[in-house]
Amino acid sequence: MTSTTMIGNLLVANRGEIARRVFRTCRELGIATTAVHSDPDAGAPHVREADGAVRLPGAAPADTYLRADLIVRAALAAGADAVHPGYGFLSENAEFAQAVLDAGLVWVGPPPAAIAAMGSKTAAKQLMSEAGVPVLGALAEPTEADLPILVKAAAGGGGRGMRVVRSLAELSGELAAARAEAAKAFGSDEVFCERYLPTGRHVEVQLLADAHGTVWAVGDRDCSLQRRHQKVIEEAPAPSLPADVRAELHAAAVTAARAIGYVGVGTAEFLLTEDGRFFFLEMNTRLQVEHPVTEAVTGLDLVAFQLAVAEGEKLPGPTPPPTTGHAIEARLYAEDPARDWRPATGTLHRLELAVQHEEFTDGAVRLDSGVESGSEISPHYDAMLAKVIVRAPTRAAAARRLADVLARTRVHGPATNRELLVRALRHPDFRAERLHTGFLAEHAAELTAPDAKSAGRAALAAALADAAARRTALPSGWRNLPSQPQLKRYRTEDGGESEVRYRLTRTGLQADDHPDVELVDAQPDLVILREGEVQRPYTVARYGDRVYVDTPFGSTALTALPRFPDPTVRTAPGELLAPMPGTVVRTTAAVGDTVTAGQPLLVLEAMKMEHRVTAPADGVLVELRAIPGRQVELGTLLAVVKSLREAPKQPEQAPQEA
């Protein structure tokens, strides 16, 4: 059948890696492309790669990528005849889909009615239950027997508006917090409660449906490795899934799609229990972030199918192609897992994958990213820097290959979760397919523990590279006295310090903390050390006081410190500084309140996530400068907590006159 509509110019109502992903398929199909961009994204890669671009004035998503009227106007102004929503932002907004259609444009997505039917998780569960799809019922009046409980926003996704409640005493506060976050993120404060299954698996089925009645269940994925209810590592097909359970999952997903007249690419998500039961969670009426793993094992281009279905084409048969091999995707985030996943901003000096291919042959590696070396990581958007995807004949081979590629990748800039990803992929429980949604929390200590030995070697290499760089600039008559050791100090990513004392003598390197290490060669960007019989290279890069030391086994980020600390640079005890640039969402305490260590005092929002700022110790909140709605920079003084002994006493009221 020939297409009823031919798309000539496609506007992608999104940014970053998803816009670039859609543009790549458009180039292969001969479709012109139009980008939209906020002011911070004016120089972003997705803007440069498009055939045309339209500015959305402003920085915050609410003023730019979430403005349906501006995006429709941009499509018409650019001469686009179709709109692809990507994922996130307005991708699951039925009103936006209808506005696109009302403007006479082609909507590359499911019908607005299907989006609306799945827009509320509570309504969707009722609809799925009526269709015969197993659901995990909502708890109208939670009791102690229901604990732990998961509070969820009825609209939206991505982990926002979700809270785990382990005590009924916490429930009212967490409900209020979830409602506030949901209202801000999705425009609806509706939330509900359901049982929380900490050892359940998150398994989803990829759906593809045309307008002629054919629905494909295009394989499945396991997305159980999550942090704060957001996915970190995904794989296809889902491992350790019995054939009968897999068949039932696929059938349930197809039933869900048919129940709402679904057309296009979508995903049915399920919670799988240890005993093989599964329950419908939600349907994502859009392309998923993790779609590359399905493409890798099926050979399909899901974006091309989205466009073909939007043009009115039929799927090329009653059943999808079979899956072959195994694929795993890791999301590289600008965040610090050891500090409660705190997001990181700043300049991404270097992002260099060890290898990169676009075609999925066995062992091939794919990088989907919206940033590049030199990009500025902004607090306005999601913290994901890139997705790294590997396909291999087996799961074990894919995991080993992906871990190695990540370990060798050079990421110089904000803190990332790269080391956690490598450790998770190599963890015995991951290799043994013992997966569940609490995996990262359960193994957090070992996945984020600092490696003191590696940090020490890296600091020594950094010091020797610095010495090599300075050697070329020193006067020719300069001579280092062997009696005077060189001292270098570095701060490590975990907040500790590494001090290096060494001498370079006629007999070689003498390092106080590394007596068995021999210097083979030292250049400003490469140091070779030998320990015993093993020789290893250390590649060193410096950007101001930031130093990055890369080896084939991983990377260490250091901050060079002055030889002697500056006694004038201090933070007074009890001062709480903003740990990141962001927006104050709300305060949860008032000046004069007695607070306990760890008690939340205020909430910051950065990179689409909420972060609690807590009291450093027991005491009294004597100063609170945080104002809801106000943006703050990194290091801004937010609050001051004094011990009960130090806190000023409240003035006593004078006795009333008789």
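Student: In the hairpin of E23 and E24, which residue takes a positive phi?

Tutor: Gly495 does, with phi near 90 degrees, and the hairpin has 4 residues between the strands. Please keep in mind that this is a predicted model: local features need pLDDT of at least 70, side-chain atom pairs count only at pLDDT 80 or more, and totals for chains, interfaces and linings use all residues. Residues are numbered from 1 along each chain as its sequence is written, while side-chain values use heavy atoms, with hydrogens and water left out.

Student: What makes E23 and E24 a pair?

Tutor: Two strands pair if DSSP finds at least two bridges between them. E23 (residues 486-492) and E24 (residues 497-505) have 6 bridges, in the antiparallel sense, so they meet that rule. The labels are DSSP runs numbered from the N terminus: H or I runs of at least four residues are helices, and E runs of at least two are strands.

Student: Which strand is joined to E23 by 4 bridges?

Tutor: That is strand E30 (residues 554-561), which runs antiparallel to E23. Arg491 shows both pairings nicely: its bridge partner in E24 is Glu497, and in E30 it stands opposite Thr559.

Student: What makes E23 mostly covered?

Tutor: Of its 7 residues, 5 are buried. Buried means under 20% relative accessible area, exposed means over 50%, and partly exposed lies in between (1.4 Å probe, protein chains only).

Student: Why does Arg228 count as partly exposed?

Tutor: Its relative accessibility is 29%, so Arg228 falls in the partly exposed class. Arg228 sits in the loop between strand E10 (215-227) and E11, and its phi is near 50 degrees, a positive value in a residue other than glycine.

Student: And why does Ser240 count as partly exposed?

Tutor: At 47%, Ser240 earns that label too. Ser240 is in the loop between E11 and H8, and has a positive phi near 55 degrees although it is not glycine. Pro237 is also placed in the loop between strand E11 (230-236) and helix H8 (243-259), and the peptide bond joining Ala236 to Pro237 is cis, with omega about -5 degrees.

Student: At what angle do H11 and H12 pack?

Tutor: Helix H11 (residues 395-408) and helix H12 (residues 418-426) pack at about 155 degrees, with their axes 9 Å apart. That makes H11 roughly antiparallel to H12, because angles over 145 degrees get that name (under 35 is roughly parallel, 65 to 115 roughly perpendicular, the rest oblique).

Student: Which residues of H11 and H12 make the contact?

Tutor: Contact means heavy atoms within 4.5 Å. On H11, the residues are Ala399, Leu402, Ala403, Asp404, Leu406 and Ala407, and on H12 they are Arg418, Leu421, Val422, Leu425 and Arg426.

Student: How many of them are charged?

Tutor: There are 3 charged residues, with 8 nonpolar and no polar ones. Asp, Glu, Lys and Arg count as charged; Ala, Val, Leu, Ile, Met, Phe, Trp, Tyr, Cys and Pro as nonpolar; the others, Gly among them, as polar.

Student: In what order do the 4 strands of the open sheet stand?

Tutor: The order is E31-E38-E36-E33, with antiparallel pairing. E31 (575-577) and E33 (594-595) stand at the edges because each has a single partner strand, which leaves one side without a neighbour in the sheet. E31 pairs with E38 (residues 637-642) over 3 bridges, and Leu576 has Ala639 of E38 as its bridge partner.

Key. Axes are lines fitted to C-alpha atoms, for helices over the stretch in contact, and angles run from 0 to 180 degrees between N-to-C directions.
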